[in-house]
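Please walk through this structure with the sequence at hand, taking one helix, its surroundings, one ring pair and the charged side chains in turn.

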Amino acid sequence: MTTIAERARELTDNREPFVHATVVRAQDPTSARPGDAAVIRSDGSIEGFVGGVCAESSVRAAALDTMRDGTALLLRVLPDGAPPFPEAPGARVVVNPCHSGGAIEVFLRPMLPAPALRVVGSTPISAAVATLAAFLDFDVVAADDDTGCTAVVVAGLGKGEPEAIRTALDAGVGFIALVASDRRGAALLHEMGLTDAERARVHSPAGLDIGARTPAEIALSIMGEVVRAIRVDGLAPASGTPAARPQQAVDPVCGMTVLVGPSTPHTRVDGQDFWFCCAGCLASYTAA
């Protein structure tokens, strides 16, 4: 039987984002115990155990939020009627009316793969870019494959540039840095006959204008532009079809936010859909 730790390592090796959830405090009566753990994937599915169905629903919803912004979170799941607990930076309080009466605290740690960067070319500049990117904790791709890359740096200085750019564009890479002078880069891209959308993804001349001269300084300017695109502009890795964020709904009985999926209790009344955190809320709504 695969443990949560082994499953986490498997997802990490596959470069799949997930959230590692660990129960750090549990107050009876509750089915969870400190040390219970689970992984939540980007589709909202959960593997492992962090409490009953109501607590699990809150954990899954909060986990997807941490996956989006990459910030760890301490989730406090309190029963209805508990003394008010103030919100604090890095913590969130959720009240579960259908909770069994206990309280739990779950630490949610988003595990996001390092951005992958491919460097094309065998030049002093390409070597400097690869070295700096590794220092910045990028996953420097050695294979001739742009799949999943966040950025591609083309530093062949005249060798194989059109092919490398075309391959990166076809792979869906959102940031392609072409190391070339303003004039030569413009001429090369014009000859390629790119669409406006494709041209917007190719940055030439590559790098921020810091007056760089040496290969190391040029690498610094290029990686500065790449980091800014990720942190400021929200540059995402290349992918075929991004996983759709699960739909959320509010349980009309207890007011909890629930993730909508095939196993979510559901009913349809007068053409309107209603989803519930558990079968008990569905039964109460149906009876009413």
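Two residues are taken to be in contact when heavy atoms of theirs lie within 4.5 Å. The model shown is a predicted one, and with that definition in mind a starting point is alanine 212, which is placed in the loop between β11 and α7. Not counting residues up to four places away in sequence, alanine 212 touches Glu217, Ile218 and Ser221. With a relative accessible area of 28%, alanine 212 is partly exposed, because that class takes in residues between the 20% limit for buried and the 50% limit for exposed. Seen against the chain as a whole, alanine 212 and valine 24 are 188 residues apart in sequence, and their C-alpha atoms are separated by 49 Å.

From this loop the reader can pass to helix α7, which runs over residues 215-231 and has 17 residues. From its first C-alpha to its last, helix α7 reaches 24 Å, which is close to the 24 Å expected at 1.5 Å a residue. The buried residues of this helix are Ile218, Ala219, Ser221, Ile222, Met223, Glu225, Val226, Ala229 and Ile230, and two of the names in that list, Ile218 and Ser221, also appear among the residues that alanine 212 touches. What covers the buried residues of α7 includes the strands β7 (116-120), β9 (151-154), β10 (175-178) and β11 (202-203), together with helix α3 (124-135). Leucine 220 is also found in helix α7, but this residue belongs to a nonpolar patch on the surface, which Leu220 forms with Leu208 and Ile210 and which has about 250 Å² of accessible area together.

A further part of the structure to examine is the one around strand β14 (residues 266-269), where threonine 267 is found. Threonine 267 has a relative accessible area of 19% and therefore counts as buried, since the limit for that class is under 20%. Leaving aside its neighbours within four places in sequence, threonine 267 is in contact with Gln272, Asp273, Phe274, Phe276, Leu282 and Tyr285.

Two residues in that list of contacts, Phe274 and Tyr285, lead to the aromatic rings, of which the structure holds one pair. The ring centres of phenylalanine 274 and tyrosine 285 are 5.2 Å apart and their planes stand at 40 degrees, so the pair is tilted. Phenylalanine 274 lies in strand β15 (residues 272-275), whereas tyrosine 285 lies in helix α8 (residues 279-287), so that the pair ties together parts that are eleven residues apart in sequence. The two partners fall into separate classes of accessibility: phenylalanine 274 is buried, with a relative accessible area of 16%, while tyrosine 285, with a relative accessible area of 26%, is partly exposed.

The charged side chains come next. Side chains of opposite charge can pair when their charged atoms come close. A search of the whole structure finds 16 salt bridges, among them one between the side chains of arginine 33 and aspartate 28, at 3.4 Å from N to O. In this pair arginine 33 counts as partly exposed, at 40% relative accessibility, and aspartate 28 counts as exposed, at 53%.

Another salt bridge joins the side chains of arginine 41 and glutamate 47, at 3.8 Å from N to O. Arginine 41 is partly exposed at 23% relative accessibility, and glutamate 47 is likewise partly exposed, with a relative accessible area of 27%. Both residues take part in a network of salt bridges that links Arg7, Glu10, Glu16, Arg41 and Glu47. Serine 42 lies in the loop between β2 (37-41) and β3 (46-48), and at 25% relative accessibility serine 42 counts as partly exposed.

A last pair to consider is arginine 166 with glutamate 198, which form a salt bridge whose closest N and O atoms are 2.6 Å apart. This pair links distant parts of the chain, with arginine 166 in helix α4 (residues 161-170) and glutamate 198 in helix α6 (residues 196-201), 32 residues apart. Arginine 166 counts as partly exposed at 28% relative accessibility, whereas glutamate 198 is buried, with a relative accessible area of 16%.

Terms used: Residues are numbered from 1 along each chain as its sequence is written. This is a predicted model: local features need pLDDT of at least 70, side-chain atom pairs count only at pLDDT 80 or more; totals for chains, interfaces and linings use all residues. Side-chain values use heavy atoms; hydrogens and water are left out. Helices (H or I, at least four residues) and strands (E, at least two) are DSSP runs, numbered from the N terminus. The expected span of a helix is 1.5 Å times one less than its number of residues. Buried means under 20% relative accessible area, exposed over 50%, partly exposed in between (1.4 Å probe, protein chains only). Rings of Phe, Tyr and Trp (its six-membered ring) pair if their centres lie within 6.5 Å; planes under 30 degrees apart count as stacked, over 60 as edge-to-face and the rest as tilted. Patches are made of residues with over 30% relative accessible area and no salt bridge: like charges are joined within 9 Å, nonpolar side chains (Val, Leu, Ile, Met, Phe, Trp, Tyr) within 5 Å. Accessible areas come from the Shrake-Rupley method with a 1.4 Å probe; for residues, only the protein chains shown count as cover. A salt bridge is a side-chain nitrogen of Lys or Arg within 4 Å of a carboxyl oxygen of Asp or Glu.
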